[in-house]
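Hi all, thanks for making time. Let me put the protein up on the screen, and then I'll talk you through a few spots in it.

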Amino acid sequence: MFGWSILEFAKMGVYWGAWLLIPAGAALALAAHRMRGARRAAALIAMAPVAVLGYARFIEPRILLTVAHHTTLERCFADSGSARLAVFSDPHQGIFANAAGMSRIARRVNAAAPDAVFIAGDLVYFLDPARFAETFDALRVIGAPVYAVLGNHDLGLPGPDVSDPLAKALEAAGVRVIDDRTQTLLVRGRTIEIVGISDLWAKKQELTRLSRASARPRVALTHNPETILHLNPERPVDLMLAGHTHGGQIYIPFLTCRLLAFACKVTRYGFADAPAGRVFVTSGTGMVGLPMRLGAPPRIDVVTAAWRECPRRGAPAESKQFY
């Protein structure tokens, strides 16, 4: 029970106590079958929240979608090209065993055949470091290069700070941990610049790595999408990939964004545009707080980012022919 507080014991009480939803639902169904009139209607009405909670605890967290997206970068470059980028975040391996496992995620990522894979932080949730190697070794089977940054939970915000042993376990599994580092990726003869930005809450981001313009397509990876609001619009990123929001985790239209303003400040899920560039926020595969997901199933997102070639100087204007 590594790093647990009273709050974590309460969360596990919800996790295990949710099994009572099954006999409760069965009892209500039996009552609705035997009763008539108003009593039957009352039993059916009572079944609704039981069924929703049961779905949120036992079914939706185990759904794992692969969702395709396409975007064209705003800038032009010396050559045109495209890259197929798989991104997932917030697997939160740890106390909630109903979260999607790393082996399943790795298999699904491989099936998507990406050019590169990006993990946008929060890999653990009170997972004992003694289990890091066995948990993340599953990522070794991914055929494409894998890049990761750490999230607030990995850094002890909240919970224990496990950044050092976690980074070592990821590197041992072939994952490149790129917090505040710059890498290059060759995709079908085209070079992409990849910049890892450490978590916003830790307040140690080295944004000077973005102080110069890049002649190559620049993809930034970070955990918290609000990072895009802290970048200099004069030195933009072409595409930022982020997580952190969980898509709201329990998404109720109009209510979730009001209660969890941080999850919707940039966007709850999908693309958003900011002065410093375009950001894509993935909705995560795991859970924190409650061991449930509703209206925000776990996703692996596959973003095809295309870019165009700049017009060459002195090139003749295109002629149009009419018939």
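Quick bit of bookkeeping before the charges: Lys and Arg count as positive, Asp and Glu as negative, and His and the chain ends are not counted. With that in hand, the protein carries 36 positive and 26 negative side chains, and the centres of the two sets sit 8 Å apart. And yes, this is a predicted model.

Now the overall picture. We've got 8 helices and 14 strands, and the C-alpha atoms fit in a box of roughly 85 × 60 × 35 Å along the principal axes. There are 323 residues, of which 48% count as buried. About 15700 Å² is exposed, with carbon and sulfur atoms supplying 59% of that. As for contacts between residues at least 6 apart in sequence, 73% of them join residues at least 24 apart.

Okay, on to helix H1, residues 6-17. Does its length fit, or not, with 1.5 Å a residue? It agrees: the 12 residues should span 16 Å, and the end C-alpha atoms are 16 Å apart. Which residues of H1 are buried? Those would be Glu 8, Lys 11, Met 12 and Tyr 15. They cover an arc of only 100° around the axis, so they are on the same side of H1. The general rule behind that kind of pattern: an α-helix has 3.6 residues a turn, so residues three or four places apart point the same way. Over on the other side of H1, Ile 6 and Leu 7 are exposed. The cover on the buried residues of H1 includes helix H3 (37-59) and strand S5 (124-125).

Since H3 came up, have a look at Met 47, which is in that helix. Met 47 has a relative accessible area of 24%, so it goes down as partly exposed; the cut-off for buried is under 20%. Not counting residues up to four places away in sequence, Met 47 touches Leu 28 and Ala 29. Its C-alpha atom is also 8.5 Å from that of Ala 24, and those two are 23 residues apart along the chain.

Last stop, Thr 285. Where is it? In the loop between strand S13 (277-281) and strand S14 (299-309). Buried or exposed, then, for Thr 285? Buried, because its relative accessibility is 0%. Leaving aside neighbours within four places in sequence, Thr 285 has contacts that include Leu 64, Phe 88, Asp 90 and Ile 105, as well as Arg 293 and Arg 299.

Note on methods: Residues numbered from 1 in each chain as written. Predicted model: local features only at pLDDT ≥ 70, side-chain atom pairs only at ≥ 80, totals over all residues. Heavy atoms only, no water. Helix = DSSP H or I, 4+ residues; strand = E, 2+ residues; numbered from the N terminus. Buried < 20%, exposed > 50% of the residue type's maximum accessible area, 1.4 Å probe, protein only. Contact = heavy atoms within 4.5 Å. Areas by Shrake-Rupley, 256 points an atom, 1.4 Å probe, with all protein chains shown as cover. Charge placed at Lys NZ, Arg CZ, Asp CG, Glu CD. Expected span 1.5 Å × (residues − 1). Arc of directions from axis to C-beta.
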